[in-house]
Amino acid sequence: SYIMSYTLTFKGQLEGHEGIITRMNMTHDDGTLVSCSRDKTVRIWKKGAKGGDPHNLVLKHTLQGHEDVIDDVSLSDDESHVASASWDGSVRVWSLASGRCVLVIRSGGSPVHSVSFSMLDSTFLMAGSADKSVTKWELKTSLSSSLSSLSISSPSSSSSTSSSSSSSLAIEKDKRYFRSGISCIRVSPSIGAAGLSVDQKDYVTASTFDGTVKVWSGRDKMEPKSTYKDNKGFINSIVISPDSSLLATGGQDGNVRLYDIEKGELLYTYDVEDTIHDLLFSPTRYWLCAATNKGIRIHDLEAKAQLVHITRKTHPDAFRKVPKKSLEPK
């Protein structure tokens with residue numbers, strides 16, 4: 001079948017982080033960009049001054065408080081807050097408007113590699129850690145309320161610093177262990193969001209460093225649904241499609257694997273010939289974007305064909321040499 005050719009135009013780059021950027025997330029309403037890095041900060045970028053380029057983003061807030069590398073960020077359902085996961089063993093929740101930390105959750109001290117809000121109403125936070133655990137926290141307060149920066153510790157933590165008043169803000173509801181550390185955890189996109197069916201399924205999925213992917217049905221009870229062991233090597237990214245029908249995985253072996261979540265079946269695999277660091281479904285098209293060591297590939301899932309491959313050769317202005325000091329944390 002005929003595949004339309006697409007051209008991407010480089011719009012610029014954002015300067016500010018002093019280490020490798022590990023994850024990014026963008027709001028749907030105003031195009032605010034949230035990034036996290038090995039420099040231990042979360043940064044919030046918003047559109048520039050009026051009259052400028054509508055695609056231009058400027059640094060609005062630099063969020064500091066984590067004491068080690070930050071691996072992941074997740075936006076709340078109403079996009080008013082962002083949660084960050086760090087190697088310092090904590091998850092922090094920040095206000096996008098003020099840049100203030102409103103909640104700190106500490107869970108045993110093991111590095112936290114991934115975090116995800118429940119996307120129905122942001123009443124749950126899911127966290128995946130190096131201690132091979134997936135933990136579900138129930139938030140007992142509205143994120144829109146005015147909170148102080150409080151520390152909520154796991155009941156199993158030997159160095160609990162939470163008080164009776166602060167511990168009621170986040171309660172550990174579920175904890176499950178695996179044979180390897182958790183690399184990524186994701187929850188289904190918003191149920192009943194614009195353009196999506198109210199019958200959309202509700203899933204939680206997690207990947208491990210040994211290449212295993214697990215899927216649970218329902219964020220409340222988390223009933224086991226599927227286990228996939230097709231990946232060879234560690235997994236860096238898992239992502240659920242906007243309608244919650246598909247799951248894509250990618251990592252060390254350079255293969256993108258696409259699954260039918262409801263049926264629990266592997267639909268097909270395609271090779272991007274490089275380690276995959278992140279995956280992203282298009283919100284409006286049947287496309288999947290993969291970020292690798294060498295560039296970015298956009299794939300048409302329906303046609304099973306590559307649409308665009310952005311590399312240093314095709315878009316030299318979009319790539320710059322990374323200083324050696326920023327490659328690894330101290």
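**A walk through an all-strand chain**

Lys-40 is partly exposed, with a relative accessible area of 38%. Why does Lys-40 count as partly exposed? Partly exposed covers the range between buried, under 20%, and exposed, over 50%. The value for Lys-40 is 38%, so Lys-40 belongs in that middle group. Keep in mind that this is a predicted model.

Where is Lys-40? Lys-40 is in the loop that runs between strand 2 (residues 33–37) and strand 3 (residues 42–47). The backbone here deserves a look. Phi of Lys-40 is near 75 degrees, and that value is positive although the residue is not glycine. Most residues other than glycine have a negative phi.

Now move along the chain to Lys-132. The phi of Lys-132 is also positive, near 75 degrees, in a residue other than glycine. Lys-132 lies in a loop too, the one between strand 10 and strand 11. With a relative accessible area of 36%, Lys-132 is partly exposed.

A third lysine is Lys-229. Is Lys-229 buried or exposed? Its relative accessible area is 60%. The cut-off for exposed is over 50%, so Lys-229 counts as exposed. Lys-229 sits in the loop between strand 17 (residues 223–228) and strand 18 (residues 235–240). Beyond its neighbours within four places in sequence, Lys-229 is in contact with Gly-211 and Thr-212. Val-213 is 16 residues away from Lys-229 along the chain. In space, the C-alpha atoms of Lys-229 and Val-213 are 6.6 Å apart.

Step back to the whole chain. How many helices and strands does the chain have? There are 0 helices and 25 strands. The chain has 330 residues, and 50% of them count as buried. About 16,400 Å² of the chain is exposed, and carbon and sulfur atoms supply 50% of that area. Contacts can also link distant parts of the sequence. Take the contacts between residues at least 6 apart in sequence: 46% of them join residues at least 24 apart.

Next, follow strand 15, residues 203–208. Val-204 is in this strand. Val-204 has a relative accessible area of 0%, so it counts as buried, for which the cut-off is under 20%. Asp-220 comes 16 residues from Val-204 in the chain, and their C-alpha atoms are separated by 9.9 Å.

Thr-208 is in strand 15 as well. At 4% relative accessibility, Thr-208 is buried. What is Thr-208 in contact with, once neighbours within four places in sequence are left aside? The list is Phe-178, Ser-180, Gly-181, Ile-182, Ser-183, Phe-234 and Ile-235.

Then look for empty space inside. Rolling a probe the size of a water molecule over the atoms shows where empty space is left. The structure holds 1 cavity of 30 Å³ or more. The largest cavity has a volume of about 50 Å³. Which residues line the largest cavity? They are Gly-89, Ser-90, Val-91, Ile-105, Ser-107, Val-112, Ala-127, Ser-129, Thr-135 and Trp-137. Strand 7 (90–95), strand 10 (124–129) and strand 11 (133–139) are the elements that each give two or more residues to this lining. By type, the lining has 5 nonpolar residues, 5 polar residues and no charged ones.

One of the lining residues is Trp-137. Trp-137 lies in strand 11. Trp-137 is buried, with a relative accessible area of 3%. Ile-105 lines the cavity too. Trp-137 and Ile-105 are 32 residues apart in sequence, and their C-alpha atoms are 9.0 Å apart in space.

Finally, ask how far to trust the picture. The chain averages a pLDDT of 82, and 79% of its residues score at least 70. Where in the chain is confidence lowest, and where is it highest? The lowest is strand 12 (residues 151–153), with a mean of 40. The highest is strand 20 (residues 255–260), at 97. Over residues 144–168, pLDDT stays under 50. The model has 46 contacts beyond four places in sequence for this stretch. Over residues 326–330, pLDDT again stays under 50, and the model has 10 such contacts there. Where pLDDT is low, the predicted coordinates should not be read in detail.

Key
Residues numbered from 1 in each chain as written. Predicted model: local features only at pLDDT ≥ 70, side-chain atom pairs only at ≥ 80, totals over all residues. Heavy atoms only, no water. pLDDT = per-residue confidence, 0-100. Helix = DSSP H or I, 4+ residues; strand = E, 2+ residues; numbered from the N terminus. Contact = heavy atoms within 4.5 Å. 1 Å grid on protein atoms, 1.4 Å probe; cavity = no way out; pocket = protein on both sides within 12 Å on 5 of 7 lines; lining within 4 Å. Points joined across faces, edges and corners; volume = space filled by probe spheres on them. Nonpolar A, V, L, I, M, F, W, Y, C, P; charged D, E, K, R; others polar. Buried < 20%, exposed > 50% of the residue type's maximum accessible area, 1.4 Å probe, protein only. Areas by Shrake-Rupley, 256 points an atom, 1.4 Å probe, with all protein chains shown as cover.
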